[in-house]
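Subject: Structure handover

Hello,

Here is the structure for you to take over. My notes on it follow directly below.

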Amino acid sequence: MKKIIVLFSALAVCVSLQAQVKVAVHETAQEQPVIPAGIYGQFSEHLGRCIYEGIWVGPGSDIPNVDGYRTDVVDALKALKVPVLRWPGGCFADEYHWMDGIGPRENRPKLVNNNWGSTVEDNSFGTHEFLNLCELLGTQPYISGNVGSGTVEEMAKWVEYMTAENGSMAELRARNGREKPWKVKYLGVGNETWGCGGDMTAEYYSDVYKRYALYARNYSGNQLFKVACGASDYDYNWTRVMMKNAASKMDGLSLHYYSIIDWNHKGSAIDFTPEEYYDILAKSVEIDEVLRNHEAIMDAYDPQRRIALLLDEWGTWFNVEPGYNPGHLFQQNTMRDAMVAAMCLNIFQKHTARLKMANIAQIVNVLQAMILTKGPQMVLTPTYHVFRMYNVHQEATFVPADYNCGKLVSASGRIMDDFSACVSRDASGALHVSLANPNLDKPVTVELSFEQLKPKKVSGEILHAGKVNAYNDFGKAPAVAPAAFTGAKIIGRTVKLTLPAASVVVLEIDA
């Protein structure tokens, strides 16, 4: 018997030559979940130029602003319909002492950001500035509390300061210009307590969590949703210990997952090979399996699924752009990042029986950002456009859909689908279909078939660029921007279209 040896090149190969996908949409399926808007959450840490220069320039800045918030950034975020915003970290949260960030700005002490580049901050952006920004944007605040270097009393008083109508903390808040308490739903009790948030074991932190959570009280009708610090990536034991020891005391459990192949050699955000492109995409969509595994553990302890899973940090992480502070994590954002965002969001929307929130890292100027700024200039990234195109899924009803597609094998041996889709129905009855074709070298013909629906009208948008490493740069016309998509055709109870290579399409179908 002859031994047959098959050698794969480093370039990802297509196991199937299939260039056509048939999607069966089950629009008549009953009792389907609503896609939480929180899946489209954002993350803002005191890291690099995310807060200062990105969101906050101060009321005296020459850059146009509204009470210190950049006008261009605020307008862009309003269009994004940000449902929830996490702050102040990240690792920064566990060295942040909230009392330093209240009162007259000129009297606030300066702070050395030890986690991120040893930047000296003036604390001009604190509790009032953050919560007022959330009100301005119409977004839910998600406070990340200091467990690593803080005290139970400090966190308890912060909750009281933000949410109580009466008492000494409410009086202090009023003296600082805010009589009415804010509504704060989400409270994270620590961040990455297995690492920068305290270097704890799961067993130790589960007791610490219960202590802090006990004294974070509800005031004046404000009901806290308490989030315990969860695992990093594949640490299933952390989830198991937290569910065993503290499930009755938590409303949510977090999870962090970054698309990194090698932490020591993360690669360039804009200069990458086809092999590296497929590697990052395959690592990104591996989140599907990671979510399933954590959810299975949670199901064993919480079969009613009372406790939410919150993926409150996720996204791509590449080398810092040349010329920038290495501790500021500023990276460009290409069509590759857009593909990662689209395929991951399609995955998240299928996990909402347990997954109730996801917060991409981060909102401005850091990692896989929505927005980049440079002085008075601002650009919207390809990832921003995906989030804006996909926001039609927020609070829409999930619609099941089945399809068979080809497979791609990355250079690191990961296997991924060469097609991605998700369908939802909004309150008006319109269907929205988000589609992604990650193939670099071939279009995919898609046929959407419906059980009873007879489409009358179809419209859409497409995000596509001539090169997958195309990005939007300051002072230049956008290289990646959405355009109207007119290639979808209605034939009876089907809609047919062709997705170009490395493209994202969102359709609206009316019956």
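S232 stands opposite H256 of strand 12. Keep in mind that this is a predicted model. The pair belongs to the junction of strand 11 (residues 225–232) and strand 12, which run parallel and are joined by four bridges. On strand 13, H256 faces E313. That junction is parallel too: seven bridges join strand 12 to strand 13 (residues 308–316).

Strand 12 covers residues 252–259, and eight of its eight residues are buried. Neither face is open. One side carries G252, S254, H256 and Y258, the other L253, L255, Y257 and S259, and all are buried. Helix 6 (residues 236–246) comes between the two strands in a right-handed β-α-β unit made of strand 11, helix 6 and strand 12.

Next, the cysteines.

How many disulfides does the structure hold? The count is one disulfide. The link joins C91 to C196, with an S to S distance of 2.1 Å. C91 sits in the loop between strand 6 (84–87) and strand 7 (111–113), and C196 sits in the loop between strand 10 (186–189) and helix 5 (202–215), so the bond ties together parts that are 105 residues apart in sequence. The link of C91 and C196 is left-handed, with -85° about the S-S bond.

The two ends differ in cover. C91 has 12% relative accessibility, so C91 counts as buried. C196 has a relative accessible area of 34% and is therefore partly exposed.

Why is C229 not bonded to the closest cysteine sulfur? Because that sulfur, in C196, is 8.7 Å from the sulfur of C229, too far for a bond. C229 is buried, at 2% relative accessibility. C405 is also buried, with a relative accessible area of 15%.

Now a histidine in a helix.

H128 lies in helix 2 (residues 127–137). Is H128 buried or exposed? Its relative accessibility is 8%, so H128 counts as buried. The side chain of H128 makes a polar contact with the side chain of Y161, at 2.6 Å. Leaving aside residues up to four places away in sequence, H128 touches Y69, I102, Y161, R173, N176, R178 and W182.

Two more strand regions deserve a look.

Strand 2 (residues 20–25) alternates. V21, V23 and V25 point to one face and are buried. Q20, K22 and A24 point to the other face and are not buried. Strand 2 pairs with strand 23 (residues 444–450) in parallel, through six bridges. There, the bridge partner of V23 is L448 in strand 23. Strand 2 also pairs with strand 18 (residues 401–403), in the antiparallel sense, over three bridges. In strand 18, Y403 stands opposite V23. V23 thus has a partner in strand 23 and another in strand 18.

Which order do the strands take in the open sheet of six strands? The order is 17-21-22-28-24-25, and the pairing is antiparallel. Strand 17 (397–399) and strand 25 (483–484) are the edge strands, each pairing on one side only. Within this sheet, strand 24 (residues 457–464) and strand 28 (residues 503–510) run antiparallel and are joined by eight bridges. G460 stands opposite L507 of strand 28.

Last, the whole chain.

The protein has ten helices and 28 strands. Its radius of gyration is 23 Å, close to the 24 Å that the globule rule gives for 511 residues, so the protein is as compact as a globular protein of that length. The C-alpha trace spans about 75 × 55 × 55 Å along its principal axes. Of the 511 residues, 57% count as buried. Among contacts with a separation of 6 or more, 76% come from residues 24 or more positions apart.

For a first pass in the viewer, try these stops:

- H256 in strand 12, with S232 opposite and E313 opposite in strand 13.
- The disulfide that joins C91 to C196.
- H128 and the polar contact with Y161.
- V23, on the buried face of strand 2.

Over to you.

Best wishes

Definitions and conventions
Residues are numbered from 1 along each chain as its sequence is written. This is a predicted model: local features need pLDDT of at least 70, side-chain atom pairs count only at pLDDT 80 or more; totals for chains, interfaces and linings use all residues. Side-chain values use heavy atoms; hydrogens and water are left out. Buried means under 20% relative accessible area, exposed over 50%, partly exposed in between (1.4 Å probe, protein chains only). A polar contact is a pair of N or O atoms within 3.5 Å; within protein, one must be able to donate a hydrogen and the other to accept it, and residues adjacent in sequence count only if both atoms are side-chain atoms. Contact means heavy atoms within 4.5 Å. Two strands pair if DSSP finds at least two bridges between them. A crossover is right-handed if, with the strands pointing away from the viewer, the path from the first strand over the helix to the second runs clockwise. A disulfide is a pair of cysteine sulfur atoms within 2.5 Å. The radius of gyration is taken over C-alpha atoms; the globule rule is 2.2 Å times the number of residues to the power 0.38.
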